Amino acid sequence: MENFVVSARKYRPSDFKSVVGQQHITTTLKNAIKNNHLAQAFLFCGPRGVGKTTCARILAKTINCENLSADYEACNVCDSCTAFNNNSSFNVHELDAASNNSVDDIRNLVDQVRYAPQKGSYKIYIIDEVHMLSTQAFNAFLKTLEEPPKYAIFILATTEKHKIIPTILSRCQIFDFNRIQIKDIAEHLQYIAKEEEITYEDEALRLIAAKADGALRDALSIFDLIVTYSAGGKLTYSETIDNLHILDYDYYFKVTDSLLQESVSSVLLTFDEILKKGFDGHNFIVGLSEHLRNLMVCKDAATVELLQVSESARDRYIEQAAKSHLSFLLSALNICNQCDINYKSSKNQRLHVELALMKLAKLPQAISLAALAREEIKKKD
Ligand SMILES: Nc1ncnc2c1ncn2[C@@H]1O[C@H](COP(=O)(O)OP(=O)(O)O)[C@@H](O)[C@H]1O
Ligand SMILES: [Mg+2]
Ligand SMILES: [Zn+2]
């Protein structure tokens, strides 16, 4: 059997332009290289799995590249780049502070800083999860960070910026990494699926992207997992929802249709079916709120782009939104919100949701009665 390389490693970007969703950072870094205006210490902050380590490595490689391209990317062929790409460069030192956080670990690193690079212009020290360093380790490091030799560059990375002491913060140029947008993650997954010759349904990728909550690494792990389990190397929506135990959005369309038809019985039966499949009432109400919110943003052409769903699902939302009155959506969101807030404190949670559903099913009628009454008043005036 061929060695399986997880996608997160196989597809680690090797230059700035292939980093997804962090243009504000890659552009600034490239400009600094262009203008020869590099800081000596950087702090990369942001959630996990969004490209901090990746960008640190790209920066390290790029500033030592012997043959920079016109747009300030590493060439990936010169001796220095090759050494970097093979993890055999003497110019980059990585310390994972999560597991090496003692004073001695930092002293070792600081000792190396004294020696100028034999080849290339810079020695780069990447300290990951820097907030995990012990106080003594921090202090041992501070001196070096204060007066580093010209050839030394420090890139500190952390998921918890608030834990970094001010003396360190003030010595670093700080970069805040973004959570990555669902759309960008989905596009990246598409690219990988094509490279791997995996057939896929757009909605499956969209779902994985949403589940990853902004972290590209998580998206890639989920992607690998589902590809492994899926039959015949095809990534389908239905297999993905099964694997992730996510409620099929079909249910929300169905429930909303029943609500619009004021069919209490069909809504209650659908809810029963959902519970029988092992889904939780609370998640259902939260999911329904999200669905109503999606319909709501479809009511205005200006906000349709806030809809974070796949192309094919988009038309369905727009179609259902056209059938739903704006005041219905607003009041329905309100009822769902109340149900969500009080869910945990309710003694009979099933009934709690059912009651909300019954109220929802009566909404269209209440709204048309109110409209009728308004008409009457107008006529009298
Ligand atoms: N912005 C991004 N663009 C492309 N791939 C990314 C990005 N962020 C994360 N990845 C993928 O996830 C993996 C882990 O990313 P990493 O840079 O180690 O995240 P972090 O250091 O922020 O936790 C990378 O190897 C890459 O495959
Ligand atoms: Mg990292
Ligand atoms: Zn190079």
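Below are short exercises on one protein structure, each with a worked solution.

This is a predicted model: local features need pLDDT of at least 70, side-chain atom pairs count only at pLDDT 80 or more, and totals for chains, interfaces and linings use all residues. Residues are numbered from 1 along each chain as its sequence is written, chains are lettered from A and ligands numbered from 1 in the order in which they are written, and side-chain values use heavy atoms, with hydrogens and water left out.

**Exercise 1. Find how many salt bridges the structure holds, then trace the one between E196 and K10.**

Step 1. Take the criterion: a side-chain nitrogen of Lys or Arg within 4 Å of a carboxyl oxygen of Asp or Glu. The structure holds 22 such salt bridges.

Step 2. Check the pair. The closest N and O atoms of E196 and K10 are 2.8 Å apart.

Step 3. Place both ends. Helices (H or I, at least four residues) and strands (E, at least two) are DSSP runs, numbered from the N terminus. E196 sits in the loop between α8 (182-195) and β6 (199-200), and K10 in helix α1 (residues 7-10), so the bridge ties together parts that are 186 residues apart in sequence.

Step 4. Judge exposure. Buried means under 20% relative accessible area, exposed over 50%, and partly exposed in between (1.4 Å probe, protein chains only). E196 has 30% and is partly exposed. K10 has 46% and is partly exposed.

**Exercise 2. Locate the salt bridge between R316 and D250.**

Step 1. Read the distance. The closest N and O atoms are 2.7 Å apart.

Step 2. Name the elements. R316 belongs to helix α15 and D250 to helix α12 (residues 249-260), so parts 66 residues apart in sequence are tied together.

Step 3. Add exposure. R316 is partly exposed at 31%. D250 is partly exposed at 36%.

Step 4. Look for a network. D272, K276, R350 and E354 are joined into one by salt bridges that share partners.

**Exercise 3. Say whether K119 and D79 are buried or exposed, and where their salt bridge lies.**

Step 1. Start with the contact. Their side chains meet at 3.7 Å, N to O.

Step 2. Place the ends. K119 is in the loop between α5 (103-113) and β3 (123-128), while D79 is in helix α4 (residues 79-85), 40 residues apart.

Step 3. Conclude. K119 is exposed, and so is D79.

**Exercise 4. Work out which helix gives the most to the negative surface patch.**

Step 1. Set the rule. Patch residues have over 30% relative accessible area and no salt bridge; like charges are joined within 9 Å, nonpolar side chains (Val, Leu, Ile, Met, Phe, Trp, Tyr) within 5 Å.

Step 2. List the members. They are D202, E311, D315 and E319.

Step 3. Find the helix. Helix α15 (residues 311-323) gives the most, with three residues. D315 lies in this helix and is exposed at 52%.

**Exercise 5. Determine how many disulfides there are, and describe C336.**

Step 1. Apply the cut-off: a pair of cysteine sulfur atoms within 2.5 Å. The structure holds zero disulfides.

Step 2. Inspect C336. The nearest cysteine sulfur, that of C339, is 6.9 Å away.

Step 3. Add burial. C336 is buried at 0% relative accessible area. C81 is also buried, with 0%.

**Exercise 6. Explain why helix α9 is largely enclosed by the rest of the structure.**

Step 1. Count the buried residues. Helix α9 (residues 202-211) has seven of its ten residues buried, so the rest of the structure largely encloses it.

Step 2. Name them. They are E203, A204, L205, R206, L207, I208 and A209.

Step 3. Look past the end. Just after α9, D213 takes a positive phi of about 55 degrees.

Conventions:
Areas by Shrake-Rupley, 256 points an atom, 1.4 Å probe, with all protein chains shown as cover. Lys, Arg positive; Asp, Glu negative; His and termini not counted. Charge placed at Lys NZ, Arg CZ, Asp CG, Glu CD.
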